[in-house]
Amino acid sequence: MTDHVAHVQDCAVSNCDFNHDGCTAYAITVGGTRDHASCSTFIDTSATGGLPKVLAQVGACQRNECAFNNHLMCDAHDVRVGPGAEMADCLTYQPR
């Protein structure tokens, strides 16, 4: 089991309410469909959410087939989130 928590290096999804010059969610969950991994924490409303500083990490990863998934935790050094098949994809995702 990993003892490492992957940090969100950057987020290029400008319409996420947690993205204020970086991801300000305390932690994100990586989910998605069979073909790709997405940031399940993505939210697009008129509200502004998150912490007053950039601190995000990956709290859980539902993508068991990802090379970085270690007991449902992300073992990558860091992750990048950006637009893709969904509004906010985990660009660090690598299938085994």
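Which residues is Ile28 in contact with, leaving aside its neighbours within four places in sequence? In this predicted model, Ile28 is in contact with Val8, Cys23, Cys39, Thr41, Gln57, Val58, Gly59, Ala60 and Val81, once those sequence neighbours are set aside.

The setting for these contacts is a protein chain that contains eight strands and zero helices, and that accordingly reads β-β-β-β-β-β-β-β along the sequence. The C-alpha trace spans about 35 × 30 × 15 Å along its principal axes. The radius of gyration of the protein chain is 12 Å, which agrees with the value near 12 Å that a compact globule of 96 residues would have. Of the contacts in the protein chain with a separation of 6 or more, 71% are accounted for by residues 24 or more positions apart.

With regard to the interior, buried residues make up 39% of the 96 residues in the protein chain. The largest nonpolar core has 22 residues, and those with the most contacts inside it are Val8, Cys23, Ile28, Val30, Val58, Val79 and Val81. Strands β1 (7-11), β2 (27-33), β3, β4 and β7 (78-82) each supply at least two residues of this core. Several of the partners of Ile28, including Val8, Cys23, Val58 and Val81, thus reappear among the core residues with the most contacts.

Gln57, another partner of Ile28, lies in strand β4. Gln57 is classed as buried because its relative accessible area of 14% falls under the 20% limit for that class. Not counting residues up to four places away in sequence, Gln57 touches Val5, Ala6, His7 and Val8, and also Tyr26, Ala27 and Ile28.

Turning to the surface, the protein chain exposes about 5,500 Å², of which carbon and sulfur atoms supply 52%. A nonpolar surface patch of about 280 Å² is made by Tyr26, Leu51 and Leu55, and Tyr26 is also one of the residues that the buried Gln57 touches. Leu55, for its part, is found in the loop between β3 (36-39) and β4 (57-61). Leu55 counts as partly exposed because its relative accessibility of 34% lies between the 20% limit for buried residues and the 50% limit for exposed ones.

Notes: Residues numbered from 1 in each chain as written. Predicted model: local features only at pLDDT ≥ 70, side-chain atom pairs only at ≥ 80, totals over all residues. Heavy atoms only, no water. Patch = residues over 30% accessible without salt bridge, like charges linked within 9 Å, V, L, I, M, F, W, Y side chains within 5 Å. Areas by Shrake-Rupley, 256 points an atom, 1.4 Å probe, with all protein chains shown as cover. Salt bridge = Lys/Arg side-chain N within 4 Å of Asp/Glu carboxyl O. Helix = DSSP H or I, 4+ residues; strand = E, 2+ residues; numbered from the N terminus. Buried < 20%, exposed > 50% of the residue type's maximum accessible area, 1.4 Å probe, protein only. Core = buried A, V, L, I, M, F, W, Y, C linked by side-chain atoms within 4.5 Å. Contact = heavy atoms within 4.5 Å. Rg over C-alpha atoms; globule rule 2.2 N^0.38 Å.
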